[in-house]
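Q: I would like a close look at a single part of this protein, with the charged side chains followed from one partner to the next. Please take the answer slowly and keep it connected.

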Amino acid sequence: MAPSVLAADLGQLRSEMERVDSHVEMFHLDVMDGLYVPNLTFGAPVIEKVRPAVNAFFDCHLMVIEPLRLFEALAGAGADHVTLHTDVCDDPTEAGSFARRLGMGFGLALSPALAPAVIRPHLAGLDMVTVMSVEPGFGGQAFMPETLSKVETIRRWIDDEELKTALQIDGGITPETAPLAAAAGADIFVAGTAVFARADPVEAVGMLRRSIHSAMSSADGA
């Protein structure tokens, strides 16, 4: 599970993250510059402030132009991984090498308008692929079911090539849509409003897990 802190109360971000920290494996941090996408969020200074209080893995999803210029600051702030969009990453091999020299993992995100083929040449060099199941830049959007076929395709490539690349889905994840994404092959689930907009975010994480496990158990028994 990777709660998206974009949906948290940013005025209480540290306590919001601390509350669910021991119940999740990862936090998804959307870094937006107001240029690549219309919204402006936060950057390395905020991440640096919350990092000491949180143990879970930090994946920084960079929705910015010129993302490589942020790598050093993010690494210094405590980011564990950076995810870039394919249309602002001219050379994923170079970007991945740069990230790893700084001690971070590296991945690419696939926007809904793009086909999985843009990912395939770089797949073996990625720690994670993120399939966007909403348009980048805004939280709270409805899940786009047509993106599930992309998850299935990339999962098949990962399995066929026996890669260790993680496959993440980001956008509109709820107890209803998470099982569909899991069945398609996703193994990391980014959920924002489905966690932080609930009265009890910890229970919300549990509901998401149970929905996935129940669906997968039913499929295994079929």
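Does Arg-155 count as buried or exposed by its relative accessibility, and which side chains does Arg-155 meet in salt bridges?

A: The model is a predicted one, and in this model Arg-155 counts as buried, because its relative accessibility is 15%, under the 20% cut-off. Arg-155 is linked with Asp-159 and Asp-187 in a network of salt bridges, and the two contacts can be taken in turn.

In the contact with Asp-159, the closest N and O atoms are 3.2 Å apart. Both residues belong to helix 5, which covers residues 148–160, and a spacing of four residues, about one turn of the helix, separates Asp-159 from Arg-155. Asp-159 is partly exposed, with a relative accessible area of 47%, whereas Arg-155 is buried.

In the contact with Asp-187, the side chains meet at 2.9 Å, taken from N to O. This pair links distant parts of the chain, since Arg-155 sits in helix 5 while Asp-187 lies in the loop between helix 6 (178–184) and strand 8 (188–191), 32 residues apart. Asp-187 is also partly exposed, at 39% relative accessibility. Such contacts fit a general point: side chains of opposite charge can pair when their charged atoms come close.

The wider setting can be added briefly. The structure holds eight salt bridges, and one of them joins Asp-80 to Arg-51, with an N to O distance of 2.9 Å. That pair, too, links distant parts of the chain: Asp-80 is in the loop between helix 3 (71–77) and strand 4 (81–85), Arg-51 is in the loop between helix 2 (44–50) and strand 3 (57–63), and the two are 29 residues apart. Here Arg-51 counts as buried at 16% relative accessibility, while Asp-80 counts as partly exposed at 26%.

Covalent cross-links between cysteines are another matter, as the structure holds zero disulfides. The sulfur of Cys-60 has its closest cysteine sulfur in Cys-89, and no bond is possible because the separation is 16 Å, which is too far. Cys-89 is accordingly in no disulfide. Both cysteines are buried, Cys-60 with a relative accessible area of 0% and Cys-89 with one of 7%.

To return to the part in question, Arg-155 is a buried residue of helix 5 that is joined to Asp-159 in that helix and to Asp-187 in a loop 32 residues away.

Terms used:
Residues are numbered from 1 along each chain as its sequence is written. This is a predicted model: local features need pLDDT of at least 70, side-chain atom pairs count only at pLDDT 80 or more; totals for chains, interfaces and linings use all residues. Side-chain values use heavy atoms; hydrogens and water are left out. A disulfide is a pair of cysteine sulfur atoms within 2.5 Å. Buried means under 20% relative accessible area, exposed over 50%, partly exposed in between (1.4 Å probe, protein chains only). A salt bridge is a side-chain nitrogen of Lys or Arg within 4 Å of a carboxyl oxygen of Asp or Glu.
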